Amino acid sequence: MSEEEERDFEEQLRELLAEDAYTIRPSPVPYPSIRRQGVVERRRRVAVAGAVLVTLAAVPMGAFAVSGGGTGTADTATSPTASASAAPTPTPSPTPGGPAGPATAGQLRDGITLEQAADGLDKCLAYDRDRVAHGGLASSDLGGADEYRIILALKSTGDSNSPGDGMFVVAVKEKPKETRLICNVKNGEASGLNTSVGSDRQPDSPPVLADINGNKLYQQSFLDKGNWKLPFSWGFIGTVEPGVAKVTVSYGGAESEAVLDHGWFVASGTLTQQVTRNPHIKGYDKGGKPIYDSDEDKTYQQVP
């Protein structure tokens, strides 16, 4: 190539690069997302997701508050609600060496038995071990099923982001580290796993603290916003301090009282209408005095 041809080539290349520079525009800075991410980091959330789990919820983290004046219905366990400081004894393990059951029978929803929930937990722990063995992101050892207590099981509704109905199982353990696990089982196989290792709580955390990944349980895909499949079986979890004696959750126009299970609150219900806000949470002490309101919590996301 002659010198003149080289100069022509360089000039054309510079023109192309200059044109490309004008076609590339940086996205606006997502300030709300950055702020929420900062809250997430403060809570030291450790999330582990399989390839399919990413489809469980491509949405912001947080909890939903109700849209006013709706006609939705909600239901929780009919057994008496226990205080966080005097938590009830969970139901026995379904099999020797298996996980313990929840404080009340109502935490097993949609006809799911403790044996089925325990089998789902086994599948999800095996899924995690297999993922790590095949080069997946290393995580803290989740341990065995017998170390866990199942606090919620309910039907999962498929959507455009994660087709196919299945079952969610939520299990927790206290030792050697506090661990919360949300897993999804479809067609008899684990299809997604989300875990949190270590406590979310900080010195300035509120007495009622919604689980930062709890949205997986109470909303469908953000891609389907305004067009969720109804009726929709939803759940909601979080932690409470010992002084909390009662937690209520309002969602889709209906209010229900959550079960307090060994330092966790567990709410569930059936959504029969589209919603535009997340569940509204309130906490009360033993004297009935309000001590928490998610509407006043600046770290709680009010809308999707």
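A residue is called buried when its relative accessible area is under 20%, exposed when over 50%, and partly exposed in between (1.4 Å probe, protein chains only). Arg149, at 6% relative accessibility, therefore counts as buried.

Some ground rules before we go on. This is a predicted model, in which local features need pLDDT of at least 70 and side-chain atom pairs count only at pLDDT 80 or more, while totals for chains, interfaces and linings use all residues. Residues are numbered from 1 along each chain as its sequence is written, and side-chain values use heavy atoms, with hydrogens and water left out.

**The whole chain**

The protein chain has 304 residues, and 47% of them count as buried. Its secondary structure comes to four helices and twelve strands; these are DSSP runs numbered from the N terminus, with at least four residues for a helix (H or I) and at least two for a strand (E).

**Salt bridges**

There are nine salt bridges in the structure. The term stands for a side-chain nitrogen of Lys or Arg within 4 Å of a carboxyl oxygen of Asp or Glu. Here are some of them:

| Acidic residue | Basic residue | N to O distance |
|---|---|---|
| Asp110 | Arg109 | 3.8 Å |
| Glu147 | Lys173 | 2.9 Å |
| Glu174 | Arg149 | 3.5 Å |

Take Glu147 and Lys173, whose side chains meet in a salt bridge. Glu147 sits in the loop between α3 (114–133) and β1 (149–156), and Lys173 is in strand β2 (residues 166–173), so this pair ties together parts 26 residues apart in sequence. Glu147 is partly exposed at 36%, whereas Lys173 is buried at 4%.

Now for Arg149 and Glu174, also joined by a salt bridge. This pair links distant parts of the chain, with Arg149 in strand β1 and Glu174 in the loop between β2 and β3, 25 residues apart. Glu174 is partly exposed, with a relative accessible area of 45%. Together with Asp261, Arg149 and Glu174 form a network of salt bridges.

**A cysteine in a strand**

Is Cys183 buried or exposed? With a relative accessible area of 0%, Cys183 is buried. You'll find Cys183 in strand β3 (residues 179–186). Leaving aside residues up to four places away in sequence, Cys183 touches Gly120, Cys124, Met167, Phe168, Val169, Gly192 and Leu193, where a contact means heavy atoms within 4.5 Å. Leu193 is ten residues from Cys183 along the chain, yet their C-alpha atoms are separated by 4.4 Å.
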